Amino acid sequence: MNRRDRVYDHAKLILIFLVVLGHIIEPFISKSRGLEGIFNFIYLFHMPAFIFISGYFTKGKLTFRTGLKLSLDYFVLFIMIQLVSVAVMKGIGIDQYQFLTVQPAYIYWYLFAMFVGSLTLPAALWLGRSVKIGIGRVFLVSVLVALGAGYIDQIGWAWSLSRIVVFFPFFVLGYYFKSRGWIIYQVFPNRWMALAVMLAGALMMLIWPDLFQFNLVSGANSYAKIGLNDTGLIVRLVLYLTQWMMIMAFFTLLPKRPFVLSHLGTKTLTIYILHGFIVKGLIATAYFN
């Protein structure tokens, strides 16, 4: 039996903590530059890292059984959570979300994005084999598509299409690492180098706060909508390179031995779903005021 690699559990545990932290401080970022910087730093790498993990553990093959499992794990769950969350939010006086809409409610776009990504990857791999290109070139094509998609205003919030396209390269990259037998937390030779990379990412955000803004790192908008008509492709490419380096650095800094909270890394989906209701409930009760 293969021994469970706890590093990935630790990664998911810390990443879900950052997800929750980000949503808790979000109501305050318009009032505090410091909290806004922390919020943007979290978003710089936490969702790309989560999606990398999802890609790493995906099968990369689509059969009736895996398709059914994907539908139950992601799409059916997404529809259920979408309906319940909108109903609950309307019940507590939050009317910004609707039942019949192409925009996933609040944070639950991730479930739909994982469903689409899990279906798209096998199709992309099959197409790659048909034209005799490997997974490396499939990854490169996914990057080029994401870079070009920023010029199409129609690829935006609807169906979370922009986020799906922009984050899909991280999904492919995760599968790429797994298919090559690479260990992401062994890319950097030591933790000091990894720490330097994380600090460099934070420094870049301090120097260019308007560049690494939420509207860019969230991946939800076209270049035109964030004022990057002419430089959007270059900026997103620089952002990708920064995020890839920070993801590898993040994994390098993780503890490799189990500890008392390690098992919570297997419960991140539950935490992800429930905390959205809690945060919106706190907002409805004016707690953050």
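A salt bridge is taken here as a side-chain nitrogen of Lys or Arg within 4 Å of a carboxyl oxygen of Asp or Glu. The side chains of Lys-69 and Asp-73 meet this criterion, with N and O 2.6 Å apart. The structure is a predicted model, in which local features need pLDDT of at least 70 and side-chain atom pairs count only at pLDDT 80 or more, while totals for chains, interfaces and linings use all residues. Residues are numbered from 1 along each chain as its sequence is written, and side-chain values use heavy atoms, with hydrogens and water left out.

A search of the whole structure returns three salt bridges. Lys-69 and Asp-73 both belong to helix H3 (residues 64-91), where they are four residues apart, about one turn of the helix. Helices (H or I, at least four residues) are DSSP runs, numbered from the N terminus. Accessibility is expressed as relative accessible area, with buried meaning under 20%, exposed over 50% and partly exposed in between (1.4 Å probe, protein chains only). Lys-69 counts as exposed because its relative accessibility is 52%, and Asp-73, at 32%, is partly exposed.

Another salt bridge joins Arg-33 and Glu-36, at 3.5 Å from N to O. Both residues lie in helix H2 (residues 33-56), three residues apart, about one turn of the helix. Arg-33 has a relative accessibility of 60% and is therefore exposed, whereas Glu-36 is partly exposed at 27%.

A salt bridge is also formed by Asp-9 and Arg-6, whose closest N and O atoms are 2.9 Å apart. This pair lies in helix H1 (residues 6-25), with three residues, or about one turn of the helix, between the two positions. Asp-9 is buried, since its relative accessible area is 2%, while Arg-6 is partly exposed at 25%. Contact is defined as heavy atoms within 4.5 Å. When residues up to four places away in sequence are not counted, Asp-9 touches Arg-4, Ser-262, Gly-265 and Thr-266.

Helix H2 was examined further. The expected span of a helix is 1.5 Å times one less than its number of residues. For the 24 residues of H2 the expected value is 34 Å, and the end C-alpha atoms are 35 Å apart, which agrees. H2 nevertheless contains a kink of about 30 degrees, centred on Tyr-43; the bend at a residue is the angle between axes fitted to the seven residues ending there and the seven starting there. The helix is mostly covered, as 17 of its 24 residues are buried. Ser-54 is located in H2 and is buried, with a relative accessible area of 17%. Leaving out residues up to four places away in sequence, Ser-54 touches Tyr-110, Met-114 and Phe-171.

Helix H4 has 22 residues and reaches 31 Å from its first C-alpha to its last, close to the 32 Å expected. Just after H4, Lys-132 adopts a positive phi of about 60 degrees. Ser-118 is part of H4 (residues 109-130) and is buried because its relative accessibility is 5%. Apart from neighbours within four places in sequence, Ser-118 is in contact with Thr-58, Leu-70, Tyr-74 and Phe-171. The side chain of Ser-118 also reaches the backbone oxygen of Met-114 at 2.7 Å. The C-alpha atoms of Ser-118 and Ile-81 are separated by 19 Å, with the two positions 37 residues apart along the chain.

A nonpolar core is a set of buried Ala, Val, Leu, Ile, Met, Phe, Trp, Tyr and Cys residues joined through side-chain atoms within 4.5 Å. The largest such core has 88 residues, and those with the most contacts inside it are Leu-15, Tyr-110, Ile-184, Tyr-240, Phe-250, Phe-251 and Tyr-272. Phe-250 touches Ala-11, Ile-14, Leu-15, Phe-45 and Met-198, residues up to four places away in sequence not being counted.

Helix H10 (residues 268-284) includes Ile-278. With a relative accessibility of 53%, Ile-278 counts as exposed. Ile-278 and Ile-24 are 254 residues apart in sequence, and their C-alpha atoms are 9.8 Å apart in space.

Technical notes:
A polar contact is a pair of N or O atoms within 3.5 Å; within protein, one must be able to donate a hydrogen and the other to accept it, and residues adjacent in sequence count only if both atoms are side-chain atoms.
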